[in-house]
Amino acid sequence: MNYLRVRGGRVLRPDGRVERADVAVDRDEGTVRAVGSPDEVDEALGGAAAETLDASGSLVMPGLVNAHTHVAMTLLRGYADDKPLDPWLREDIWPAEAELTPDDIEAGAELGAVEMIRSGTTAFADMYFAMDRVADVVDRAGLRARLGHGVVTVGKDDADARADVEESLAVARDLDGAADGRIRTAFMPHSLTTVGEEFLREGVAEARAAGVPVHLHANETTDEVDPIVDERGERPIAYADDLDALGPEDFFAHGVHVDGSEIDRLAEAGTAVVHCPASNMKLASGMAPVRRLREAGVTVALGTDGAASNNDLDVFDEMRDAAMLGKLAADDASAVPAAAVVEMATAGGADALGLPGGRIEAGAAADLAVVDLDAPHLTPVHDPVSHLAYAARGSDVRHTVCDGEVLMRDREVLTLDADAVQERAAAAASDLVDRVEGN
Ligand SMILES: CSC[C@H]1O[C@@H](n2cnc3c(O)ncnc32)[C@H](O)[C@@H]1O
Ligand SMILES: [Zn+2]
């Protein structure tokens with residue numbers, strides 16, 4: 001037997017309690033074998049030797065889930081700021097993305113993977129291009145992911161639009177189960193306004209036949225909602241339902257401008273919403289009604305969105321932003337408390353993506369982040385859950401474990417060469433901008 005023991009820490013349990021405990025991990029299975037006192041864990045291991053991770057002075061929590069991003073957009077971090085969504089995409093981001101090569105996307109994905117591992121993220125959902133290269137990075141990094149090729153059909157002729165849909169479906173079929181099952185896939189139309197109705201209808205039907213979920217941007221801005229209401233006489237979530245894109249495995253990014261009828265419809269369908277508070281604030285898209293969504297029974301996860309609209313991939317920032325913005329949106333300081341955002345970043349994320357993880361209990365996937373609480377900005381520790389939401393940062397993560405494998409030990413990333421990744425990505429970003437500017 002091949003065991004890992006996380007020793008001497010305090011452990012965040014699925015019910016929100018924090019208790020002193022060791023965690024025994026079965027590395028062959030990639031699962032938690034036991035959680036308990038040192039004696040209980042000794043007994044569970046039956047005297048077998050185990051590699052140890054020191055968690056003294058630390059909190060052992062489920063690995064964080066970044067449920068909506070475009071990971072290779074790390075290359076465009078700080079490239080275009082301070083604009084609303086539509087002009088930002090059309091004037092800056094899409095022209096730059098037109099110059100991206102598969103090598104660039106691999107370099108950007110590696111940089112994002114290092115950033116996520118360093119800040120305790122073990123699973124993410126990614127919508128982008130050259131997904132074979134992103135999948136290769138996920139495999140090498142040791143992360144878990146739900147991946148999809150993003151489809152845009154507006155501005156394309158029929159053949160190109162159809163080819164884009166076909167590529168998304170091919171990626172969804174071919175990559176599902178890759179990286180020893182750590183990669184799952186989805187059909188990913190960009191949004192209900194950037195993909196034409198017939199392509200949405202056909203693509204969703206094929207996705208259903210292939211048994212893969214649908215992921216798209218929905219109700220992000222009023223500019224995206226209004227044309228659907230004007231042209232169709234129905235709200236976007238009703239349109240998604242009409243397209244058969246509102247199922248219990250599907251998950252939509254943003255859900256900022258959803259009205260009461262749409263919240264009820266999402267809850268009834270079991271479709272999850274990925275809240276991206278930093279991106280929504282930076283692009284001034286609006287404030288998602290997170291408390292109302294959760295009270296209605298909608299699964300709400302957290303996502304950073306891409307690093308060009310955030311501008312980092314640190315889910316600790318997202319927890320803090322979600323708690324703060326949720327209170328502002330509800331005009332109530334008791335709305336979206338610490339425990340809620342921690343749940344959204346862990347179990348909520350895993351549930352939204354249909355991936356294992358998000359809970360530390362026997363039999364669950366061994367996806368863990370060990371957060372060092374021995375720091376001035378985390379002293380004193382009245383309530384560790386409060387610290388996770390309001391005071392901790394990604395840089396407080398000491399060890400990261402995914403599927404039973406140690407991806408980072410004592411702040412050293414083990415699966416990727418972090419310095420080489422950073423150097424390659426900086427060079428790729430600089431060359432990309434030269435190409436975009438015609439130099
Ligand atoms: C077709 S691949 C994904 C596509 O989405 C773009 N994107 C990045 N951030 C956002 C956002 O907040 N809303 C909508 N679209 C976004 C990204 O640049 C890619 O082109
Ligand atoms: Zn996005």
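Select E198 and R162. Their side chains form a salt bridge, with N and O 3.2 Å apart. The model is predicted, so read each contact as part of a computed picture.

Now show the helices around this pair. E198 sits in helix α6, residues 197-210. R162 sits in helix α5, residues 158-175. The bridge therefore ties together parts that are 36 residues apart in sequence. Turn on the surface. E198 is partly exposed, at 42% relative accessible area. R162 is also partly exposed, with a value of 29%.

Stay on helix α6 and select R208, then add D244. These two form a salt bridge, and their closest N and O atoms are 3.7 Å apart. R208 belongs to helix α6, while D244 lies in the loop between α8 (236-242) and β12 (251-254), so this pair ties together parts 36 residues apart in sequence. How exposed is R208? Its relative accessibility is 28%, which counts as partly exposed. D244 is partly exposed too, at 46% relative accessible area.

Next, go to D332 and R291. What joins these side chains? They meet in a salt bridge, at 2.9 Å from N to O. Look at where each partner sits. D332 is in the loop between α12 (315-330) and α13 (338-345). R291 is in helix α11, residues 290-296. The contact thus links parts that are 41 residues apart in sequence. D332 is partly exposed, with 26% relative accessible area. R291 is partly exposed as well, at 27%.

Now select a group rather than a pair: D103, E106, E110, R133, D136, R140 and R424. Salt bridges with shared partners join these residues into one network. Show the side chains as sticks and trace the links from partner to partner. For the whole model, the count comes to 48 salt bridges.

Last stop: helix α7, residues 222-232. Select D223, D226, D230 and E231. What kind of surface patch do they form? The patch is negative. Patch members have no salt bridge, so this stop contrasts with the paired charges visited above. Pick out E231, which lies in helix α7. Is E231 buried or exposed? At 69% relative accessibility, E231 counts as exposed, since the cut-off is over 50%.

To retrace the route, start at E198 and R162, pass through R208 and D244, then D332 and R291. Continue to the network that includes R133 and R424, and finish on the negative patch that includes E231.

Terms used: Residues numbered from 1 in each chain as written. Chains lettered and ligands numbered in written order. Predicted model: local features only at pLDDT ≥ 70, side-chain atom pairs only at ≥ 80, totals over all residues. Heavy atoms only, no water. Patch = residues over 30% accessible without salt bridge, like charges linked within 9 Å, V, L, I, M, F, W, Y side chains within 5 Å. Areas by Shrake-Rupley, 256 points an atom, 1.4 Å probe, with all protein chains shown as cover. Salt bridge = Lys/Arg side-chain N within 4 Å of Asp/Glu carboxyl O. Lys, Arg positive; Asp, Glu negative; His and termini not counted. Charge placed at Lys NZ, Arg CZ, Asp CG, Glu CD. Helix = DSSP H or I, 4+ residues; strand = E, 2+ residues; numbered from the N terminus. Buried < 20%, exposed > 50% of the residue type's maximum accessible area, 1.4 Å probe, protein only.
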